[in-house]
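Reader: I would like a close look at one part of this protein, namely its sheet and what surrounds it. Please take me through it strand by strand.

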Amino acid sequence: MWCLACEQFSPTVVCEACSGGLEVGPDTVTNSGLVVRSAFLHEGSARSLVTKMKYQGLGLIADLFAAELVDRLPTQAMVLVPIPRVLVRQVRYGSDPAVLLAKALGQKSGLPVTQALAAPVWARKSAGRSLEGREKRAFSALSVSPKWVLVDDVVTTGGTLSAGALALCGGGLGAVTATVALKQ
């Protein structure tokens with residue numbers, strides 16, 4: 001078996017060295033006041049894992065993140081709402097990392113997953129851009145039961161999560177993400 005993070009031989013899906021480098025992500029709050037809980041800091045092996053989940057669609061990695069997040073969900077949560085990937089990137093990479101994570105987390109928590117948000121067909125890529133270079137996202141939304149929790153792969157500025165929460169018109173309990181890239 002190979003470590004999913006470093007791709008070296010390992011008796012486990014994530015080797016001991018890579019597991020030891022995973023640092024729990026701190027709770028953060030977006031500018032809009034949304035509380036975000038993340039499995040890990042977006043660095044080292046966690047960054048490698050989330051990148052593979054995003055660009056290779058590896059569901060097994062979503063399961064690893066979900067195992068870390070299940071106990072961090074608000075106890076009153078009733079539904080998980082993934083932040084959808086822009087349609088062009090869903091087609092290009094063949095998956096949506098937030099949906100993978102939400103489904104894995106739904107299986108572990110017993111909570112239903114509702115794809116209540118719709119992303120635009122195309123938007124500029126945010127990854128690798130400076131905070132000033134990121135564009136604001138807008139989502140259209142379906143009605144969703146209250147006490148929802150947003151699910152996404154990475155939180156950097158919180159802008160995408162805030163846009164998702166705004167589209168859902170209140171009732172949310174926060175958000176969970178695989179990793180958090182702390183703003184410098």
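In which sense do β1 and β2 pair, and over how many bridges?

Author: The two strands β1 and β2 pair in the antiparallel sense, over two bridges. This is a predicted model in which local features need pLDDT of at least 70 and side-chain atom pairs count only at pLDDT 80 or more, whereas totals for chains, interfaces and linings use all residues. Residues are numbered from 1 along each chain as its sequence is written, and side-chain values use heavy atoms, with hydrogens and water left out. Helices (H or I, at least four residues) and strands (E, at least two) are DSSP runs numbered from the N terminus, and two strands pair if DSSP finds at least two bridges between them.

Within that first pairing, V29 stands opposite V35 in β2. The two strands form a hairpin with five residues between them, and G33, in the turn, has a positive phi of about 95°.

The hairpin belongs to an open sheet of five strands, whose order is β1-β2-β7-β6-β3 and whose pairing is mixed. Its edge strands are β1 (28–29) and β3 (79–82), each of which pairs on one side only. In the protein as a whole there are six helices and seven strands, and along the sequence they follow the pattern α-β-β-α-α-β-α-α-β-β-β-α-β.

Moving inward from β1, strand β2 (residues 35–41) pairs with β7 (residues 172–180) in the parallel sense, over five bridges, and within this pairing T179 of β7 is the bridge partner of F40. Helix α3 (residues 59–69) packs on the sheet and touches both β2 and β7, its direction making about 125° with that of β2; such angles run from 0 to 180 degrees between N-to-C directions, and the axes are lines fitted to C-alpha atoms, for helices over the stretch in contact. Five of the seven residues of β2 are buried (under 20% relative accessible area; exposed is over 50%, and partly exposed lies in between, with a 1.4 Å probe and protein chains only), so this strand is largely enclosed by the rest of the structure.

Helix α3 itself has I61, A62, F65, A66 and L69 as its buried residues. Seen down the axis of α3, they fall within an arc of 140°, so they line one face of the helix; the arc is that of the directions from the helix axis to the C-beta atoms. The cover over these residues includes β2, α2 (44–56), α5 (97–109) and β7, and it is judged by contact, meaning heavy atoms within 4.5 Å.

One residue of α2 deserves a separate word, because K54, found in that helix, counts as buried at 17% relative accessibility. Leaving aside residues up to four places away in sequence, K54 touches R85, Y93, S95, P97 and D153.

On the other side of the sheet order, β7 is joined to β6 by seven bridges, and the two strands run parallel; here A175 in β7 is the bridge partner of L150. Between these strands the chain crosses from β6 through helix α6 (residues 159–167) to β7, and this β-α-β crossover is right-handed, that is, with the strands pointing away from the viewer, the path from the first strand over the helix to the second runs clockwise. Four bridges join β6 to β3, and these strands also run parallel, with V79 standing opposite W148 in β6. All eight of the eight residues of β6 (residues 148–155) are buried, so this strand is largely enclosed by the rest of the structure.

The crossover has some details of its own. T157 has its place in the loop between β6 and α6 and counts as partly exposed at 25% relative accessibility; T157 and L182 are 25 residues apart in sequence and 8.1 Å apart in space, C-alpha to C-alpha. In α6, the buried residues are L161, S162, A163, G164, A165 and A167, and just after this helix C169 takes a positive phi of about 60°.

As a setting for these pairings, 46% of the 184 residues in the protein are buried. Among the contacts with a separation of 6 or more, residues 24 or more positions apart account for 70%.
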